[in-house]
Amino acid sequence: MGQCVTKCKNPSSTLGSKNGERESGKSQNKRSAVHKDDHGSACGKSSVDILVNGTKKTDAAVESSQPPTFSGDTKKDSVSSAEESSLQRIGELFRRYKDEREDAILEEGMERFCNDLCVDPTEFKVLVLAWKFQAATMCKFTRKEFFEGCKAINADSIDGICARFPSLLNEAKQEDKFKDLYRFTFQFGLDSEEGQRSLHREIAIALWKLVFTQNKPPILDQWLHFLIENPSGIKGISRDTWNMFLNFTQVIGPDLSNYSEDEAWPSLFDTFVEWEMERRKKEEETKCIMSSDTEGLCAEEQT
């Protein structure tokens, strides 16, 4: 063990000599490798000078100097240009009907607008259009309402608006959309300048007929008859009564048999159901009397 340690420590020992020879050989190999690497590096450098990703360096420099084109920017520019053109057409359309003094389309302009659309101002289509325009007042479109409304229905001309009517009417048939239209109609019927909070009875009757144009509930005629007869002497319809009537038509059957005064219905509905049931009772009694008279007359004729 001691001899082995001594030999390892002695630089002139046989083990040390062999290591020295090996180191010398390694040094020569390294110098040779370095020489080869230098030669290879020079070759590599010249090849890089010639080719850049398979392209001549001079060609690559020319290509890199050209500004890149982005198809996305071109598309955005075309969309922006189309939107500007559409807004210009909407502006021209608005100016055609706007009032001379006020920056809005008023009653006279609205009549001309409806005439060009080939619709009656009292037609359901006009109510739907006012709903899409989110008009705050009857017979009036402000500049903002008109512009935003035309953009909402994606139309910027008379022909474009006319072409949108079928899809707008179909949209109004959807349950959630109709509910929104129905609630809009109440606000639309109010005179905002006077600060009204309830609809005049006559206006409410007209608007109920109008808003249910496409989907008339079976009880509507009886309800409107009740309001026309006005046994309770009401002058106006509140927002709560208006909104709840839609629920009433959806929940209560035409025969009114499932109506309960214990539920949270407006008191006007209680009066209506009582009045309508009494009216039907009298109607049945009248039919029976007429039927009895007819049978008696027939019996006399037979004798």
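**Exercise 1. A salt bridge across the chain**

Task: In this predicted model, find which side chain meets D156 in a salt bridge, and work out where the two partners lie.

Solution:
- Step 1. Start at the carboxyl group of D156 and look for a nitrogen of Lys or Arg within 4 Å. The side chain of R89 fits, with 3.0 Å from N to O.
- Step 2. Place both residues. D156 sits in the loop between α7 (143-153) and α8 (158-171), while R89 belongs to helix α4 (residues 71-97). They are 67 residues apart, so this pair links distant parts of the chain.
- Step 3. Check the surroundings. D156 has 17% relative accessibility and therefore counts as buried, whereas R89, at 39%, is partly exposed.

A general thought to keep in mind: side chains of opposite charge can pair when their charged atoms come close.

**Exercise 2. Joining two helices**

Task: Decide which residue K132 pairs with in a salt bridge, and whether that partner is buried or exposed.

Solution:
- Step 1. The closest N and O atoms of K132 and E171 are 3.0 Å apart, and the two residues form a salt bridge.
- Step 2. K132 is found in helix α6 (residues 124-133) and E171 in helix α8; with their positions 39 residues apart, the pair links distant parts of the chain.
- Step 3. The cut-off for buried is under 20% relative accessible area. E171 comes to 16%, so this residue counts as buried.

**Exercise 3. A network within a helix**

Task: Describe the salt bridge between E283 and R279, then see which residues share its network.

Solution:
- Step 1. The N to O distance between the side chains of E283 and R279 is 3.4 Å.
- Step 2. Both residues lie in helix α13 (residues 267-302), and their spacing of four residues is about one turn of the helix.
- Step 3. E283 counts as partly exposed because its relative accessibility is 36%. R279, at 23%, also counts as partly exposed.
- Step 4. Now follow the shared partners: salt bridges join E276, R279, R280 and E283 into one network.
- Step 5. For the whole protein, the count of salt bridges comes to 11.

**Exercise 4. The setting of T249**

Task: Starting from T249, find what its side chain reaches and what the residue contacts farther along the sequence.

Solution:
- Step 1. T249 is part of helix α12 (residues 239-251).
- Step 2. Its relative accessibility is 17%, so T249 counts as buried.
- Step 3. The T249 side chain reaches the backbone oxygen of L246, at 2.7 Å.
- Step 4. Setting aside neighbours within four places in sequence, T249 is in contact with P217 and I219.

**Exercise 5. Into the nonpolar core**

Task: Find which residues touch the most other members of the largest nonpolar core, and which element gives this core its largest share.

Solution:
- Step 1. The largest nonpolar core holds 68 residues, and W208 and F248 touch the most other members.
- Step 2. Helix α6 supplies the largest share of this core, with eight residues.
- Step 3. Domain 1 (80-172) and domain 2 (175-291) each contribute at least three residues to this core.
- Step 4. Zoom in on W208. Beyond residues up to four places away in sequence, W208 touches Y182, L220, W223, L224, L227, I237, W242 and F245.

As a general rule, nonpolar side chains in soluble globular proteins tend to be buried together.

**Exercise 6. The whole protein**

Task: Say how many helices and strands the protein has, and what share of its residues is buried.

Solution:
- Step 1. The secondary structure comprises 13 helices and six strands.
- Step 2. Of the 303 residues, 29% are buried.
- Step 3. The accessible surface is about 20,400 Å², and 50% of that belongs to carbon and sulfur atoms.

How values were computed:
Residues are numbered from 1 along each chain as its sequence is written. This is a predicted model: local features need pLDDT of at least 70, side-chain atom pairs count only at pLDDT 80 or more; totals for chains, interfaces and linings use all residues. Side-chain values use heavy atoms; hydrogens and water are left out. Helices (H or I, at least four residues) and strands (E, at least two) are DSSP runs, numbered from the N terminus. Buried means under 20% relative accessible area, exposed over 50%, partly exposed in between (1.4 Å probe, protein chains only). A polar contact is a pair of N or O atoms within 3.5 Å; within protein, one must be able to donate a hydrogen and the other to accept it, and residues adjacent in sequence count only if both atoms are side-chain atoms. Contact means heavy atoms within 4.5 Å. Accessible areas come from the Shrake-Rupley method with a 1.4 Å probe; for residues, only the protein chains shown count as cover. A nonpolar core is a set of buried Ala, Val, Leu, Ile, Met, Phe, Trp, Tyr and Cys residues joined through side-chain atoms within 4.5 Å. Domain bounds come from an automatic or database domain assignment.
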